[in-house]
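Work through the exercises below with the sequence and the model open. Each task is followed by a solution in steps.

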Amino acid sequence: MPCLTHGLSRIAVQNWIGARILAFAAPPNDALVGGGIVKIACIGGGPAGLYFAISMKLRDPAHQIEIFERNAPGVTFGWGVVFSDLTVDNIMRNDPTSAKTIRAEFTHWDDIDVHYRGETITSGGHGFIGIGRKRLLEILQERARELGVILHFSAEADPRDAKWHDYDLVIASDGANSRFRQAQAEAFGIDIDVRRNRFIWLGTSKVFDAFTFAFEETEFGWIWAHAYRFAPDCSTFIVECSEKTWRSAGFDEMSQEESVDFCERLFSKYLDGHELKSNAAHLRGSAAWLNFRRIKCERWTAANVVLLGDAAHTAHFSIGSGTKLALEDSIKLADVLSRPELSLEAAIDEYQAERSVEVLKLQNSARNSTEWFESLPLYTQFEPLQFAYSLLTRSQRISHENLRLRDRAWLETVERWFWKRATKGALCKAAPPMFAPFRLRDLELQNRIAVSPMATYSSLEGRPNDFHLVHYGERALGGAGLLFTEMTCVSAEGRISPGCAGMWSDEHADAWKRIVDFVHSNSRAKFCLQLGHSGPKGSTRVGWEGGDLPLNEQNWPVVAASDLRWSPVNQVPRAMTRADMELVRDQFVAAVRMGLMAEFDMIELHAAHGYLLSSFITPLQNKRTDDYGGSLANRLRFPLEVFAAMREAWPAHKPMSVRISATDWAGDDGITPADAVLVAEAFAREGADLIDVSAGQTWAGQQPVYGRMFQTPFSDRVRNEAKLATMAVGNIYEPDHANSILAAGRADLVALGRPHLIDPFWTLRAAAELDYHDINVPPQYLNGMAQLSRNLRRDAQGARSLLV
Ligand SMILES: Cc1cc2nc3c(=O)[nH]c(=O)nc-3n(C[C@H](O)[C@H](O)[C@H](O)COP(=O)(O)OP(=O)(O)OC[C@H]3O[C@@H](n4cnc5c(N)ncnc54)[C@H](O)[C@@H]3O)c2cc1C
Ligand SMILES: Cc1cc2nc3c(=O)[nH]c(=O)nc-3n(C[C@H](O)[C@H](O)[C@H](O)COP(=O)(O)O)c2cc1C
């Protein structure tokens, strides 16, 4: 591998990747970046290379900048690109001259059309701007030339060439397949994720009035197109399908012309006689069909090479942000390099620090969007309206309230549809989905918000007390439709900590009944008793004294599926015998009967988070070699036996749920989301009405990926693959999150844990914020609710008048 810094003599280049500091002789004119003439080579004349060159020249016309582009002028791949208004504002500020030309040539459109199962769903207000890639490059090339950038076309740049040593900086703007990045692969820390679906980027002279998604069901599976106009006479037409469909349709054996003909026939009803065309003649046969490659780099610099645009990162084409990222990278890099107070090292650090955050945000949204298209079969059971809603909210960047701002009428159509289904036709109102009722067996919930089970560690000998009365009472008054108790343990040994609540004696049942009675007589909330056994995570301290750490004294022996300790500091549990299993099963059944005496409305079995039943389900904690270990079916045997016995003891008209960890956050070594579907189905066969889809906490080495609504994709998968009712939980904290999840069919109920700890009245507050009044407010608090609503309305009007 060549050392690109060798021979540099113009500037002092500190090796900003940190490992080496390379000092070179200072140039005669002491040209430090930001303070003098710099000689730069941009590899690749795509949007990134051209726009960076323009941006640098604008900041100092004396810089010597050359672009090396392998293609001849006017030759490029792809068709059109889309931008957002924000990108246009950014380029307008950076270079009004090129921005004005680009803006003058933009094609604008507002609507998105979703063609699906013979219907066209149109929603408006999306505000897209498109331009042909070829035209964009022409504009940028012209501007670059005008500013004195030297453009070399038909000039393949080879990273091994010694001439790069003569440049102060080599900008690797050579696209997703960057040779310059690959030449120093290790130094850049490249991570490439090759995605599952196939796509081909075509164009057509058919002019689409709206951004168009066309889904076609074929004998081979679903094939769909993303199409949009980018010039008065031209549209981009990207065709996508799963690998399986691609192979069954025979695309893998077709020439490019045959593929294009196939697509033209399939989508003929949208093309009105116009042809589909490819401009990727250099790609032979099936090679024109690509798999999207998500690229990330740990470091964006190595020696004097700086990565820019697609060479550094890619974002799936379905969120249309690659060109935006390339342009914004260019502006930032030119900015930092032109600030005299920054050393080169500091400048590049700032470039990467700021841009990598923006890139990460977009790559997260792009991943959601990519996965939506890869999981299409989950959604093709939806009715057209919900299918379109799910498609529009797929990246989680567009939410329920964003859609209201874009197209209120359309959003209200969705809300009416949701309410009509939720009330079996009785109510068809445009109101937030979270307030729609939900039925589980004979239990009618007044809304879709649940207070998630949360240990309060405030019991003595398992008895709930006045703290629990106030705690649960207050949350019931706060408006949630369903309240879960904390994990209530079926035996003293089954407690997590000495403070855990229990249900193993009549005394416990009586103490709980006092609380259930309060909830029932003072609110419309329903109350679910969560029953569990701590297993290997038992005999530990209360949460705020160090959760999962063993007690300082008076530890009691613990049991688990296997004799594997939770962590090196926890006790080694005893692997359960058949007699232990029968005892514990009977304890669960006895607790169910006590729950009935206490008049709970519902029972949940806690089979998540590494506690006893979860220790059977996860292969990471279950190493048994008998009928209760090995295959998933074996590992589920005991948890299912417990559930079935509980179900038998619980009245048929009352519902039951089960909480599962849908992933062990351990890749394929542990429970995966695909396993979670099988686990959920197995419990449903035993009579579970709702799957409470949590995740992780099943082994001490988990590697969770946190974020907003981070566990919701698991609920989505269980609900739509197993076709079961689910509750989503995990970092859901805004009413807008809840409404988006519910309307998109990603869950039937939404549980909030920590937000309810600090705000028992979360649901009533949400109702006031959303101006929704058809909710049960405790009469004692009616005045407060009315005042809150008035104040919020006044604030909103004030904000609107300030904007005018
Ligand atoms: C199907 C599809 C649809 C897309 N749709 C959109 C969209 O709607 N909106 C959007 O913003 N983005 C879209 N993108 C992404 C967008 O095309 C890229 O993100 C964007 O082009 C990145 O710009 P770049 O300059 O970094 O790379 P590129 O545009 O890839 O430019 C790299 C340039 O380097 C040249 N080159 C490469 N190697 C060498 C070499 N060794 N020597 C000389 N020259 C070399 C190439 O010929 C090329 O011209 C889409 C991408 C795909 C695949
Ligand atoms: C203090 C605390 C105690 C918890 N106790 C329980 C519990 O007893 N049973 C249970 O299933 N989950 C328990 N959880 C997990 C929550 O129910 C919920 O799944 C988790 O907090 C994520 O949701 P959130 O982001 O809305 O808080 C607890 C969480 C916290 C923060």
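**Exercise 1: A mixed sheet**

Strand β2 (residues 64-68) runs parallel to β8, and 3 bridges join the two. Strands here are DSSP runs of E with at least two residues, helices are runs of H or I with at least four, and both are numbered from the N terminus. This is a predicted model, in which local features need pLDDT of at least 70 and side-chain atom pairs count only at pLDDT 80 or more, while totals for chains, interfaces and linings use all residues. Residues are numbered from 1 along each chain as its sequence is written, chains are lettered from A and ligands numbered from 1 in the order in which they are written, and side-chain values use heavy atoms, with hydrogens and water left out.

Task: Which residue of β8 is the bridge partner of Phe68, and what is the order of the strands in the open sheet of 6 strands?

Solution.
1. The bridge partner of Phe68 in β8 is His152.
2. The open sheet of 6 strands is ordered β8-β2-β1-β9-β17-β16, and its pairing is mixed. Two strands pair if DSSP finds at least two bridges between them.
3. β8 (150-152) and β16 (301-302) are the edge strands, each pairing on one side only.

**Exercise 2: A sheet of 3 strands**

Task: Which strands stand at the edges of the open sheet of 3 strands, each with a single partner strand?

Solution.
1. The order of this sheet is β3-β7-β4, with antiparallel pairing.
2. β3 (80-83) and β4 (107-109) are at the edges; each has a single partner strand, so one side of each lacks a neighbour in the sheet.
3. On average, neighbouring strands of this sheet are turned by 30° against each other, direction ignored. The axes are lines fitted to C-alpha atoms, for helices over the stretch in contact, and angles run from 0 to 180 degrees between N-to-C directions.
4. β4 and strand β7 (residues 128-132) run antiparallel and are joined by 3 bridges. His108 stands opposite Ile129 in β7.

**Exercise 3: Strand β5 and its partners**

Task: How many residues of β5 are buried, and which residues point each way?

Solution.
1. In strand β5 (residues 112-116), 5 of the 5 residues are buried. Buried means under 20% relative accessible area, exposed over 50%, and partly exposed in between (1.4 Å probe, protein chains only).
2. In a regular strand, side chains alternate between the two faces of the sheet.
3. Ile112, Val114 and Tyr116 point one way from β5, while Asp113 and His115 point the other way.
4. β5 is joined by 5 bridges to strand β6 (residues 119-123), and the two run antiparallel. They form a hairpin with 2 residues between them, and Arg117 in the turn has a positive phi of about 50°.
5. β5 also pairs with β11, in the parallel sense, over 4 bridges.
6. Val114 has a bridge partner in each of these strands: Ile121 in β6 and Phe213 in β11.

**Exercise 4: The two sides of helix α8**

Task: Why are the buried residues of α8 on the same side, and what do they pack against?

Solution.
1. In helix α8 (residues 256-266), the buried residues are Gln256, Ser259, Val260, Phe262, Cys263 and Leu266.
2. These residues cover an arc of only 160° around the axis, so they lie on the same side of α8. The arc is that of the directions from the helix axis to the C-beta atoms.
3. The face turned away from the buried side carries the exposed residues Glu257 and Arg265.
4. The buried residues of α8 pack against β10 (190-204), β11 (211-218), β12 (221-231), β13 (234-241), α9 (268-271) and β14 (276-277). Contact means heavy atoms within 4.5 Å.

**Exercise 5: Gln352**

Task: Is Gln352 buried or exposed, and which backbone atoms does its side chain reach?

Solution.
1. Gln352 is in helix α11 (residues 344-374).
2. Gln352 counts as buried because its relative accessibility is 18%.
3. Its side chain reaches the backbone oxygen of Glu298 at 2.8 Å and the backbone nitrogen of Trp300 at 3.1 Å.

**Exercise 6: Ligand 1**

Task: Which residues come nearest to ligand 1?

Solution.
1. Of the 32 residues around ligand 1, Ala48, Glu69, Arg133, Asp310 and Thr323 come nearest. A residue is near a molecule or strand if one of its heavy atoms lies within 4 Å of it.
2. A polar side-chain atom of Asp310 is 2.7 Å from an oxygen atom of ligand 1.

Technical notes: Polar contact = N/O pair within 3.5 Å; in protein donor to acceptor, adjacent residues only side chain to side chain.
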